[in-house]
Amino acid sequence: MKNKKVISGALLVVILVAIVGGIWAWRNNQSSEVQQSSTTIRVGSKDFTENLVIAEIYALALEDNGYTVERVSNISSSLIHNSIVNDEIDLYPEYTGTGLLSVLGEDMETDPEKVYKTVKKEYEEQFNLTWLDYASANDSQGLVIRTEVANSLNIKTISDLQAHASELRFASQGEFDEREDGLLGLEKTYGTFNWQSSKVYDNSLKYSVLENDEADVTPAYTTEGQLVSTDKFTLLEDDKQFWPPYNLAPVVRDNILDDNPDIKTILNNISAKLDTETVTELNAKVDVDGQEYTDVAKEYYDSIKG
């Protein structure tokens, strides 16, 4: 009888320990969840379509993983680096070429991996900022030609274009002709472009100028939404690799990553899925089809989340 009482007492102790342990684990788990959900991440974005869309995708992914997000949108491209350095935002989408040339003032480099390694190293040392993985999406500069003209003259590359320049009308944006990363530098690489004519147009009008047969060639960025209309516009191959890469990547404050290391995996998973074609299509939905960038971002995020 005494042994039975001892056994019963021991069982009671085991049960009580299990109950208390379960309650402690539940409370600890609840505490962790509350702590994560109470972490607010300030996601910044520049003041143009593509950056707004990508920043919104970052924000949705973070919210989907338990974070509270504050959106700080439409920051001027010239100010956004200071915004993150001055602790006004925690992360934003940046371009490797912009980091290399505009922020660091380094010489032009065309190898994507070398550009990335340079900005990653220098941002860490100078600003305590981390570049996460870069996407294959490349919003670089380029030249666009009317597809009808490209087909008739068999122009596929910028070298082809230079050989036929005397037959083509150039729609410039003025400053492009004077910049080292514009026509001046382009001619050092490809030779002189002896255009049939060259007129200056506002950047916002360039595609309508081509479509209305007022010009044949214009400078562009390689992910502009209008480029989905390949029957009208052809982006020429930079066959001598004059322009540096402008790969998209999240730039994040080090202290934010230290406190929330899972942000690295969350955002790297986004970058792994973003290629140039995808980003061009996202831009087109906003700039050509007139959809709201937040709706475009949500539709895309919903399509890729696991």
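Two strands are said to pair if DSSP finds at least two bridges between them. Strands (E, at least two residues) and helices (H or I, at least four) are DSSP runs, numbered from the N terminus.

The model is predicted, with local features needing pLDDT of at least 70 and side-chain atom pairs counting only at pLDDT 80 or more, while totals for chains, interfaces and linings use all residues. Residues are numbered from 1 along each chain as its sequence is written, and side-chain values use heavy atoms, leaving out hydrogens and water.

**Strand 5**

Strand 5 runs antiparallel to both of the strands in this table.

| Partner of strand 5 | Bridges | Direction | Opposite Val-144 |
|---|---|---|---|
| Strand 8 (residues 217-221) | Five | Antiparallel | Thr-218 |
| Strand 9 (residues 233-235) | Three | Antiparallel | Leu-235 |

Six of the six residues of strand 5 (residues 141-146) are buried (under 20% relative accessible area, with a 1.4 Å probe and protein chains only), so the strand is largely enclosed by the rest of the structure. In a regular strand, side chains alternate between the two faces of the sheet. On one side of strand 5 the buried residues are Gln-141, Leu-143 and Ile-145, and on the other Gly-142, Val-144 and Arg-146.

**Helices 2 and 11**

The axes of helix 2 (residues 49-64) and helix 11 (residues 262-271) come within 10 Å and cross at roughly 135°. Therefore helix 2 is oblique to helix 11; oblique covers angles that are not under 35 degrees, over 145 or from 65 to 115. In the contact (heavy atoms within 4.5 Å), helix 2 contributes Ile-57, Tyr-58, Ala-61 and Leu-62, and helix 11 contributes Ile-263, Ile-266, Leu-267, Ile-270 and Ser-271.

Terms used
Buried means under 20% relative accessible area, exposed over 50%, partly exposed in between (1.4 Å probe, protein chains only). Axes are lines fitted to C-alpha atoms, for helices over the stretch in contact, and angles run from 0 to 180 degrees between N-to-C directions.
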